[in-house]
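Colleague: I am new to this model and would like to look closely at one part of it. Could you pick a stretch, take me through it slowly, and explain your terms as you go?

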Amino acid sequence: MQTKILNYEYKFKHSSIQAFKHSISRVVKIFLLLFLMLTGRIQFAFSQQAIGYDKDDYTGWLFHRQGITLGDSLSPAYSLLLLKNQSTEPKIFMQVANTTLTGFSATDGFLVGLNGINAILNQQENADLIFKTNATNRAVIKNNGYVGIGIMNPAHTLHVHGTGTSGGGNSGGGFSTTQVSSHKDAQKDNKSLIVGHNITPASYGAIQLTNNATGTSATDGLLIEVRNNSASINLQEQGSISFRNSGNTCMQISTENNLKIGKITNITEESKVGIFTSGQNGLLVTTINNPDGYIFKARNSATYNALVVKGNGRVGIGTDDPKEAVQIGDRFVIHNGGTKVIGYNWNYENGSAKYITNGYSSQIRFGNNGTLSFVVSPSGSAGQNITDENYAIHITN
């Protein structure tokens, strides 16, 4: 009994001493806080919504209802607000650092914030900036500036890697090939047609560019895609694709699928270069609005045209100004009129035969009635009418 009483007395004395120590500690802290407040070293403000401190130009508020503000505001719109109301110090950043790996100086770690009105994500270390969703790496900005989307080791300034097996757009879905075959059963001697899809989907990756005019669906805008080992640039709109150099259009695929090459000053002009498979196959080169201009030239030097085709249909070989359907050099021609003529220094213009250059003239004429004539003429001047034609040989049908 005596022992228990002594124990109780000890515990009472001990607890009283501890309580006394805590009370002294609280009193000291309160006096210290009052001292700091009275000396202006720290100033506290209390309200139903916030507590904070105020010292010189630095203020900070902690909100228990709306959110947390570090800076000069009593009304944060979001959970955390970093704020400075100083025009002389416009940089506002949150720094994330690691004492051991990055250090914690002003040039260490990762910064998120504002420089003036510009938003900044600043990886200050010689390391990568990685973007993740669903705990999976989606994109990266490497320490050398390369950007990878879908790939963490980009090989170029922008490297987009598709891991999907199907794509949208007018090019269709994930089936890569169509199989069509005919089968004949030797036993039953009947035939069947098998039509089907290869069930193996194509490996696919794409970049799609859209705007307000195109729409934003998978079949809108410009699609740059790689399907298996094949690539395509697919304008999915009814429009044109242009290539420019120094602001000038140098090549264009028009809305009508015409290919224009060169310094195109008038995008609406009807010039076109095309290989058509609808109707007939072949190469079409035209200058519709300029029938006498060149529609084709082949050069064997910087200034000499080996072959020209004019807008009027005449072909010149070794000459830029063919006088007849075909002209070789400065004198030899093939005339395709009512009478077919193979001529030397001869052309037919405005109902009259004329000399092409100074000198003699001769022709072989093929009449529609089957006649064949060999005609010679004396020397004359370039552009002069040929008035003296001698039929050296004339063969009737």
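Modeller: Let's start with Val-147, which counts as partly exposed because its relative accessibility is 27% (buried means under 20% relative accessible area, exposed over 50%, partly exposed in between, with a 1.4 Å probe and protein chains only). This is a predicted model, where local features need pLDDT of at least 70 and side-chain atom pairs count only at pLDDT 80 or more, while totals for chains, interfaces and linings use all residues. Residues are numbered from 1 along each chain as its sequence is written, and side-chain values use heavy atoms, leaving out hydrogens and water.

Val-147 belongs to strand S11, residues 147-149 (strands are DSSP runs of E with at least two residues, and helices are runs of H or I with at least four, numbered from the N terminus). Leaving aside neighbours within four places in sequence, Val-147 is in contact with Val-140 and Ile-141 on one side of the numbering, and with Pro-154, His-156, Thr-157, Leu-158 and His-159 on the other (contact means heavy atoms within 4.5 Å). Leu-129 is 18 residues away from Val-147 in sequence, and their C-alpha atoms are 9.6 Å apart in space.

From here we can step back to the loop between strand S9 (129-133) and strand S10 (136-141), where Asn-134 lies. Ala-135 has its place in that loop between S9 and S10 too. Most residues other than glycine have a negative phi. Asn-134, though not a glycine, has a positive phi of about 50 degrees, and Ala-135, also not a glycine, has a positive phi of about 60 degrees. Asn-134 counts as exposed because its relative accessible area is 69%; Ala-135 is exposed as well, at 72%.

Now return to Leu-158, one of the contacts of Val-147. Leu-158 helps make a nonpolar surface patch of about 590 Å², together with Ile-149, Val-160, Ile-207, Leu-209, Ile-224 and Ile-233. Patches use residues with over 30% relative accessible area and no salt bridge, joining like charges within 9 Å and nonpolar side chains (Val, Leu, Ile, Met, Phe, Trp, Tyr) within 5 Å. Areas come from the Shrake-Rupley method with a 1.4 Å probe, and for residues only the protein chains shown count as cover; a salt bridge is a side-chain nitrogen of Lys or Arg within 4 Å of a carboxyl oxygen of Asp or Glu. Strands S12 (158-160) and S15 (204-209) each supply at least two residues of the patch, and Leu-209 sits in S15.
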